[in-house]
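Hi there,

Here is the model I promised to pass on. Have a look at it first, and my notes follow right below.

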Amino acid sequence: MNTLIAKLISWIPKNIVGLLGILQAIIKFVKEVATLALDLIAPLIPGDKDDKIIKVVRDICNKVDEVVEKIKSFLLQAGVA
């Protein structure tokens, strides 16, 4: 009984890490789609603001990705992976 509970406890963080990996793939997809959309509407944006907007959107996506990666690292360390 104790080994089953121990396996379940160690299994939970590993599965959460797997789900976070899927979330990271979605974040990267959204980043690329947003960049594509902004590149398509860039001619409509006056001045040099289009490059700044694209950079801000990509930076936000990268920051979110970094936070998810930190959570994954913590869970892997905590979950005796």
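The count of salt bridges in this predicted model comes to 3. The one I would look at first is between R58 and E32, whose closest N and O atoms are 3.4 Å apart. R58 sits in helix α2 and E32 in helix α1, so this pair ties together parts that are 26 residues apart in sequence. How covered are the two partners? R58 has 25% relative accessibility and counts as partly exposed, and E32, at 43%, is partly exposed too.

Next comes K55 with D59, where the closest N and O atoms are 3.0 Å apart. These two residues are 4 apart in helix α2, so about one helical turn separates them. K55 counts as exposed at 51% relative accessibility, while D59 counts as partly exposed at 34%.

The remaining pair is K72 and E69, with 3.8 Å between the closest N and O atoms. Both residues lie in helix α2, 3 residues apart, again about one turn of the helix. Is K72 buried or exposed? K72 is buried, because its relative accessible area is 15% and the cut-off for buried is under 20%. Its partner E69 is partly exposed at 36%. As general background, side chains of opposite charge can pair when their charged atoms come close.

Now for the overall fold. The chain has 2 helices and 0 strands. Helix α1 covers residues 2-41, and helix α2 covers residues 49-78. A quick check on their lengths: at 1.5 Å a residue, the 40 residues of α1 should span 58 Å, and the end C-alpha atoms are 59 Å apart, which agrees. For α2, the 30 residues should span 44 Å, and the end C-alpha atoms are indeed 44 Å apart.

What does that do to the outline of the chain? The C-alpha atoms fill a box of roughly 65 × 15 × 10 Å along the principal axes. The radius of gyration is 19 Å, whereas a compact globule of 81 residues would have one near 12 Å.

On to how the helices meet. Which residues of α1 are buried? They are P13, V17, L20, Q24, I27, K31, T35 and L38, and these buried residues pack against α2. On the other side, α2 has D50, I54, C61, D65, V68, K72 and L75 buried, and they pack against α1. You will spot K72 in that list, the same residue that forms a salt bridge with E69. In general, an α-helix has 3.6 residues a turn, so residues three or four places apart point the same way. That is handy to keep in mind when you read along the two lists.

The contacts tell a related story. Among contacts in the chain with a separation of 6 or more, 76% are between residues 24 or more positions apart. As for burial across the whole chain, 22% of the 81 residues count as buried.

Last, the surface. The chain exposes about 6200 Å², and carbon and sulfur atoms supply 72% of that area. Where is there a nonpolar patch? One of about 660 Å² is made by L19, I22, L23, I26, F29, V30 and V33. Of these, I26 has its place in helix α1 and is partly exposed, with a relative accessible area of 46%.

Two more positions may help you find your way around the model. N15 is in helix α1 and is partly exposed, with a relative accessible area of 33%. The C-alpha atoms of N15 and L75 are separated by 9.8 Å, although the two residues are 60 apart along the chain. V67 belongs to helix α2 and counts as partly exposed at 48% relative accessibility. Between V67 and E32, which are 35 residues apart along the chain, the C-alpha atoms are separated by 18 Å.

Happy to go through any of this with you whenever it suits.

Best wishes

Note on methods:
Residues numbered from 1 in each chain as written. Predicted model: local features only at pLDDT ≥ 70, side-chain atom pairs only at ≥ 80, totals over all residues. Heavy atoms only, no water. Buried < 20%, exposed > 50% of the residue type's maximum accessible area, 1.4 Å probe, protein only. Patch = residues over 30% accessible without salt bridge, like charges linked within 9 Å, V, L, I, M, F, W, Y side chains within 5 Å. Areas by Shrake-Rupley, 256 points an atom, 1.4 Å probe, with all protein chains shown as cover. Salt bridge = Lys/Arg side-chain N within 4 Å of Asp/Glu carboxyl O. Expected span 1.5 Å × (residues − 1). Contact = heavy atoms within 4.5 Å. Rg over C-alpha atoms; globule rule 2.2 N^0.38 Å.
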